[in-house]
Amino acid sequence: MSNTVLEEDKNNLQELSLSAGIDLIALRTKYNTIDNNRATQIYRESSTSTSSYTAPQSSTVLDSYHICKTCMGKGTIKVLYNKHMVVEKECSECLGESIVRTPDK
């Protein structure tokens with residue numbers, strides 16, 4: 001990069017620092033000193049490390065339930081009453097439970 005571009009960038013950062021109340025130039029120099037090789041090494045270590053947590057197997061009991069599509073899981077629906085009033089009623093599909101059991105196949 002040319003020096004004029006760096007100077008413009010530095011001037012813009014100084015203006016932003018004044019308006020934000022944060023020393024953006026100091027932050028830039030702090031985080032520019034991070035060694036890319038070290039950052040890559042840290043990323044590889046975190047992505048290849050074995051975790052003690054294992055995802056549970058799918059439960060056949062829970063697989064038979066889903067969120068009610070009529071009330072979108074709220075348990076209530078809004079119904080137009082007498083052409084100008086909106087009344088909130090219990091969902092007739094899930095009976096206010098928000099969850100519907102899928103019939104066994």
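Where is the place of Glu93? In this predicted model, Glu93 is found in the loop that links β3 to β4, the latter strand covering residues 99–101. The relative accessibility of Glu93 is 49%, so the residue counts as partly exposed. Apart from neighbours within four places in sequence, Glu93 makes contact with Cys68, Thr70 and Val100. A further spatial relation links Glu93 to Thr76: the two lie 17 residues apart in sequence, and their C-alpha atoms are 9.8 Å apart.

The overall architecture provides the setting for this loop. The protein comprises four helices and four strands, and from the N terminus the elements follow the order α-α-α-α-β-β-β-β. Confidence varies along the chain. The average pLDDT of the protein is 78, and 70% of the residues reach a score of at least 70. Among the elements, the lowest mean pLDDT, 67, belongs to helix α3 (residues 36–48), whereas the highest, 94, belongs to strand β3 (residues 85–90).

Of the 105 residues, 10% count as buried. The protein exposes about 9,600 Å², of which carbon and sulfur atoms supply 54%. Among contacts with a separation of 6 or more, 29% are between residues 24 or more positions apart.

In the helical part of the chain, Asp23 occupies the loop between α1 (3–20) and α2 (24–32). With a relative accessibility of 48%, Asp23 counts as partly exposed. Asp23 and Leu13 are separated by 10 residues along the chain and by 8.4 Å between their C-alpha atoms.

The passage from helices to strands includes Ser64, which is placed in the loop between α4 (60–63) and β1 (65–67). Ser64 has a relative accessibility of 9% and therefore counts as buried, the limit being under 20%. When neighbours within four places in sequence are set aside, the contacts of Ser64 are with Val100, Arg101 and Thr102. Val100 is thus listed among the contacts of Ser64 and also among those of Glu93.

A nonpolar surface patch is formed by Val61, Leu62, Tyr65 and Ile99, which together have about 410 Å² of accessible area. One of these residues, Leu62, belongs to helix α4. The relative accessible area of Leu62 is 61%, and the residue is therefore exposed.

The cysteines were examined for disulfides, and the count comes to zero. Two of the residues concerned illustrate why. For Cys68, the closest cysteine sulfur is that of Cys91, at 3.7 Å, which is too far for a bond because a disulfide requires sulfur atoms within 2.5 Å. For Cys94, the closest cysteine sulfur is that of Cys71, likewise at 3.7 Å and too far for a bond. Both residues lie away from the surface by the accessibility criterion: Cys68 is buried, with a relative accessible area of 2%, and Cys94 counts as buried at 5% relative accessibility. Cys68 is also one of the contacts of the partly exposed Glu93.

Key. Residues numbered from 1 in each chain as written. Predicted model: local features only at pLDDT ≥ 70, side-chain atom pairs only at ≥ 80, totals over all residues. Heavy atoms only, no water. pLDDT = per-residue confidence, 0-100. Helix = DSSP H or I, 4+ residues; strand = E, 2+ residues; numbered from the N terminus. Buried < 20%, exposed > 50% of the residue type's maximum accessible area, 1.4 Å probe, protein only. Contact = heavy atoms within 4.5 Å. Patch = residues over 30% accessible without salt bridge, like charges linked within 9 Å, V, L, I, M, F, W, Y side chains within 5 Å. Areas by Shrake-Rupley, 256 points an atom, 1.4 Å probe, with all protein chains shown as cover. Salt bridge = Lys/Arg side-chain N within 4 Å of Asp/Glu carboxyl O.
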